[in-house]
Amino acid sequence: MLARRKLDSAGFQTWTVGGQVVARLYLGSCFDLFDMLADCDPADRPRSLFSDPPYPLTTGGRSADPKSMGGKFSAERYANDGKIVAGTDLAFTTWIRAALPALQPDSDLVIMSNDRNLRDLLNAAAENAVRFHRLLVWARQSKTPNRWIMAGAEFALYGYAGKSRPVINKPGADQITSIHGFKSATDHPTEKPVGLFAQWIGDITTPGELIFDPFTGTGAAALGALRIGRRFIGSEIDPRHFGAACRRIDDALSAGPLFANDRPTLPLI
Ligand SMILES: C[S@@+](CC[C@H](N)C(=O)[O-])C[C@H]1O[C@@H](n2cnc3c(N)ncnc32)[C@H](O)[C@@H]1O
């Protein structure tokens, strides 16, 4: 079935398949989207937030390949000042506090961080009454060179607000995920594997559910959600990354069989 994209009156790029809205992406600040969702009927809000938010990143790397981690962070391309993407001065606690009213009262949150910022993330979650289920681990194949032990893992807090939902996890869902053969598809300096989000979203949510990523970047969570028959809503403030996310959603939805299973059935807000 053909996917269609159009810019709607609220300023979202909106994708429909067979008349059903499957994804919406807002070019602008997530704080605008938080307000819009908070104004919706609670049942129409997302129940699940999966995000790889901005945080300060300082790291080394000398590769000449601009697509490798070492290349993206090499001295010619990056001042090592922490400001690798927009919003790295935004505290976890500030955006989590603003995001909660955009979600259903009982909701799940999966929020990524590297090890250096993990303490701030866990403290911010606790300050905002987001309770702890598990610390998820992405065991990266491509490690970042470092004087004090190579950086080879990233983390995600899997927490919940309100009441935890009845257990629906895929039996055997693992705390540690490895994604084989991941190569950057975009110029985004912190692009994540689509398969990582597909795995986590599949472990935690139900078919057709609305997945929210306020910091969409080039769309790893969006593509992960669509790949396994979930709907998606998100925002991205940088027009370049927004454009890349739109193109990747176009391509993904026209790829056919990968997205044809488990077709979402619910309308988007
Ligand atoms: C860590 S990156 C996400 C990368 C994404 N997971 C991917 O695979 O491409 C965080 C993104 O948040 C965006 N961002 C920063 N502040 C924002 C805001 N207030 N509202 C929406 N997006 C924002 C940045 O431009 C950046 O692309």
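In the description of the ligand shell, Ala, Val, Leu, Ile, Met, Phe, Trp, Tyr, Cys and Pro count as nonpolar, Asp, Glu, Lys and Arg as charged, and the others, Gly among them, as polar. On this basis, the shell around the ligand in the predicted model comprises nine nonpolar, eight polar and five charged residues. The ligand is surrounded by 22 residues, of which Asp 52, Gly 87, Phe 215, Gly 217 and Ala 220 are the closest.

The strands form an open sheet of 10 members with mixed pairing, arranged in the order 1-2-3-10-9-4-5-7-6-8. Strand 1 (3-7) and strand 8 (176-177) are the edge strands, each pairing on one side only. Five bridges join strand 1 to strand 2 (residues 12-17) in the antiparallel sense. Within this pair, Arg 5 is placed opposite Trp 15 of strand 2. Helix 4 (residues 115-127) packs on the sheet, where it touches strand 5 (107-113) and strand 7 (151-161). The direction of helix 4 makes about 5° with that of strand 7.

Most residues other than glycine have a negative phi. Two residues of the model are described here with a positive value. Ala 129, in the loop between helix 4 and strand 6 (131-144), has a phi of about 60°. Because 13 other C-beta atoms lie within 10 Å, Ala 129 is partly exposed. Ile 149, which lies in the loop between strand 6 and strand 7, has a positive phi of about 75°. This residue has 7 C-beta neighbours inside 10 Å, and Ile 149 therefore counts as exposed.

Note on methods:
Residues numbered from 1 in each chain as written. Predicted model: local features only at pLDDT ≥ 70, side-chain atom pairs only at ≥ 80, totals over all residues. Pairing = 2+ DSSP bridges. Helix = DSSP H or I, 4+ residues; strand = E, 2+ residues; numbered from the N terminus. Contact = placed C-beta atoms within 7 Å. Axes fitted to C-alpha atoms, helices over the stretch in contact; angles between N-to-C directions. Near = placed C-beta within 6 Å. Buried ≥ 20, exposed ≤ 12 C-beta atoms within 10 Å, placed from the backbone.
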